[in-house]
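Here is a short briefing on one protein model. Look at the structure first, then read the points below.

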Amino acid sequence: MGLPMLGQLEVEFAGKVANWIAEGLQPELDKNIEESVQAKLDTLVLSGHSKGGKTAFAVALGYTKTNLNFSALIGIDPVAGPSRCKMCRTLPHILTDEPESFNLNIPVAVIGTGLGPEKANVLTMPCASDGVNHKEFYNECKPPRVHFVTTDYGHMDMLDDDTPGIMGNMMKCMCKNGTGSKDFMRRTVGGLVLLS
């Protein structure tokens, strides 16, 4: 079904992937590409969307050990749980509700959505509630930091139009989505990621 990993397990798995990149990427490049290609791991950017954005922040904050030093962090509509209620937040609890409390020594870009904090209908909660969404992640970052918001788009508009499986179909119904072309927004987010 493609169910997401929970809490600290996801953070530890992300750390293992980062460690594989540090140790295993170059041998794979050497083995599979005829030309000489050198991985430039000194300019590696850590990024993620939604709960993956929160996981990227957790990795950057040291909630798991990695052998890599990241040159920047990009949170794409990061979310730390379904609501501001501390019991509802996903583990590990990284948000402190204190401005500029994240102890990061790299530049951070946070890209959010304007419709993420809105309900799709009367039966659902927002997919990126205020207090645990991009605004709070940005607020807790120290400079250098930058914040962009795609005001007319929703939390799941970042993903492909055809998201397979039960989880993909549920998210289409549960999250408020924009009504315009998502291609423009996705190109904008892609451009911001490249610029960051």
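**Disulfide and sheet**

Cysteine 127 and cysteine 175 form a disulfide, with their sulfur atoms 1.8 Å apart. The model is predicted. The count comes to one disulfide, and four strands form an open sheet.

**The disulfide**

- The torsion about the S-S bond of cysteine 127 and cysteine 175 is about -90°, so the disulfide is left-handed.
- Cysteine 127 sits in the loop between strand 3 and helix 3 (134-140), and cysteine 175 in the loop between helix 4 (165-174) and helix 5 (182-195), so the bond ties together parts 48 residues apart in sequence.
- Cysteine 127 has a relative accessible area of 17% and is buried, because the cut-off for buried is under 20%.
- Cysteine 175 is buried too, at 2%.

**Two further cysteines**

- Cysteine 88 is partly exposed, with 35% relative accessibility.
- Cysteine 141 is buried, with 0% relative accessibility.

**The sheet**

- Strand order is 1-2-3-4, and the pairing is parallel.
- Strand 1 (45-49) and strand 4 (145-150) are the edge strands; each pairs on one side only.
- Neighbouring strands are turned by 10° against each other on average, direction ignored.
- Strand 3 (residues 108-113) runs parallel to strand 4, and six bridges join the two.
- Valine 110 stands opposite histidine 147 in strand 4.

**Helix packing**

- Helix 2 (residues 51-60) lies across strand 1, strand 2 (72-76) and strand 3.
- Helix 2 runs at about 150° to strand 1.

Technical notes
Residues numbered from 1 in each chain as written. Predicted model: local features only at pLDDT ≥ 70, side-chain atom pairs only at ≥ 80, totals over all residues. Heavy atoms only, no water. Pairing = 2+ DSSP bridges. Axes fitted to C-alpha atoms, helices over the stretch in contact; angles between N-to-C directions. Contact = heavy atoms within 4.5 Å. Disulfide = S-S within 2.5 Å. Buried < 20%, exposed > 50% of the residue type's maximum accessible area, 1.4 Å probe, protein only.
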